[in-house]
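The following exercises concern the contact between two chains. Each task is followed by a solution in steps.

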Amino acid sequence: MDNSYAAIMARKNEIIRASVGMDYSSFEYDGIGFDYEAMMAATGYTLPELQRVQSLFSVGNTPLIELKNLTTLARKCAPKGKGARIFIKDEATNPSGSFKARRSCTSVYQAKKLGYKGVVTATSGNYGAAVACHAAMAGLKCIVVQECYDSRGIGQPEIIEKARKCEALGAEVVQLTVGPELFSTVLRLLEETGYFNASLYTPFGIAGVETLGYEIAQQFRTKYDRDPDVVVCTNAGGGNLTGTARGLLKADCRAKVIGASVNLTGLHMASDEQFNKKSFTTGHTGFGVPFCVNPDRSDVPRSAARPLRYMDRYVTVTQGSVFFITEALASLEGLEKGPAGNTALAAAFRIAQDLDEDQCIVVQETEYTGAGKHINPQLSFARQNGIDIHFGDPKDEIPGKSIILPAHPSLIQVTDVDLDRVRRSNIKNAVGTHKNELTDQDIQYLIDETNSNEEFVRNVIANL
Amino acid sequence: MAKKGDWVQIHNIVLKPEERSDALPEDTKKHPLEMWVKGYLQSDAEIGDEVEVITRTGRCASGKLVNEAPYFEHNFGFLIPEVLKIGDMVREITFGGDD
């Protein structure tokens, strides 16, 4: 069999169909769009069924913790009467240590149900640990493919820790140097093994996160007899935000959903030289923005993660601000967690200062911490790589050159991403060369995709 | 010398620079795409030999032997004094001062 890059990529559709057990072409419209809700429904799992599946894996029902001291700190930085109550959903208490457990256990359950002998997943992050964990529980084999090293063979400590954890849970870890051709390696492994493709972006994975949003609403109503006002989600590939928002809507909770990413503007995600210049391997703009513009850049034909459909606002925070807030969470709340999951917390800390004291803002995840995956080794690694780390005003931080730790918590700021600009890019990308062939169904699809309106969509198309 | 049955790490070139995707920045494209896999060695060998291993999933993989008894060395880094200062600062602002 021809295993050249081009030949493997040419077999992509048949490999995906065989390895996900889902025919994506059945959801395609005649025009540019597809039936998203039909694809989500094709999992065959209702929300109560998802909760049941997750309980089989001891996933979910994580604590909702009020961060009273961090709230006090935010109020000290805010005008009088401002400073919403800050809450965090302690997803690190899931087996495998992150919200990704919700995403993986439905995939692994589905793989087992369909009779696959194992699962393959492409991830350098917590998702690998989650898949390895649930594969272990289900008695399935597991291969995790990581983008791990630069051309000097130097690996990101955070990713190496994930390799360790996956191996500890019985998985085979395949490690690669920098490059998007990781996808072709995954396809080849799927073909070789006949395993299930536990992609991050199938409907199974995203539907699994719906329980998180649903749980937040339920816990709030039980404990505080009200709904939260704002839910902040760390945003990378978009699945976290998409699933959480869908779960909130299923609970009829109308909290505003805000995405937050670490600002890594200027760093190219496929650059060998810049790979180890970043101190966040996920939750950053290098994934967050491109996946909003084109969700289908993922490893399945149609991604179930479509964050632009659900985002009310999208903000960025600096690396230094996230490191700062991670240490504050440990020092003020006794919660030592991994930094990447605290991206949304840094944003919430600032957004809370614009809200009234009686309002409630929820950060919907934490992640586990450990060697390599902790502010201390990550800052050490940055310093070793020549990154200038100092106290100052985070607005002066230059990704890849400096990490500026806020000299005072009041210096933590959020920067709004221009969502209309992202929407325009999304539409431009979706329309491609089909500008003159668009049907009313296509227009409605674009309205849904961008959470906008007909006037906005038609205006953008007219200006393409 | 690594013995048959030892846990080892092997290395492969998946794509030579000229075989890589066109959609890559120049600094990445000048390097090959490399891969490392671990498994049980299938015959006695020296570092640098082409060998076969059986991985944790039972897959047979071949490549150059690069590491005998591989283990993890990542840790909690060295002292970052700024981290201590952040802890002191937020405690002082939150709890200190008024009383």
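**Exercise 1.** Determine how α5(A) and α2(B) are oriented to each other in this predicted model.

*Solution.* Two packed helices are described by the angle between their axes and the distance between the axes. Helix α5 of chain A covers residues 68-77, and helix α2 of chain B covers residues 81-95. Their axes come within 9 Å and cross at roughly 75°. Angles of 65 to 115 degrees count as roughly perpendicular; α5(A) and α2(B) are therefore roughly perpendicular to each other.

**Exercise 2.** Identify the residues that make this helix contact, and classify them.

*Solution.* From α5(A) come Asn69(A), Thr72(A), Leu73(A) and Lys76(A). From α2(B) come Val90(B), Ile93(B) and Thr94(B). By class, the residues of the contact of α5(A) with α2(B) are three nonpolar, three polar and one charged.

**Exercise 3.** Describe the side of chain B that touches chain A.

*Solution.* The contact takes 50 residues from chain A and 34 residues from chain B. On the side of chain B, two or more residues are given by each of β1 (7-15), α1 (26-29), β2 (33-41) and α2. Of these, α2(B) supplies the largest share, eight residues. The class totals for this side of chain B are 16 nonpolar, ten polar and eight charged residues.

**Exercise 4.** In which sense do strand β5 of chain A and β2(B) pair, and over how many bridges?

*Solution.* Strand β5 of chain A spans residues 172-177. The pairing with β2(B) is antiparallel and runs over two bridges. Opposite Leu176(A) stands Met35(B), in β2(B).

Conventions. Residues numbered from 1 in each chain as written. Chains lettered and ligands numbered in written order. Predicted model: local features only at pLDDT ≥ 70, side-chain atom pairs only at ≥ 80, totals over all residues. Axes fitted to C-alpha atoms, helices over the stretch in contact; angles between N-to-C directions. Helix = DSSP H or I, 4+ residues; strand = E, 2+ residues; numbered from the N terminus. Parallel < 35°, antiparallel > 145°, perpendicular 65-115°, else oblique. Contact = placed C-beta atoms within 7 Å. Nonpolar A, V, L, I, M, F, W, Y, C, P; charged D, E, K, R; others polar. Pairing = 2+ DSSP bridges.
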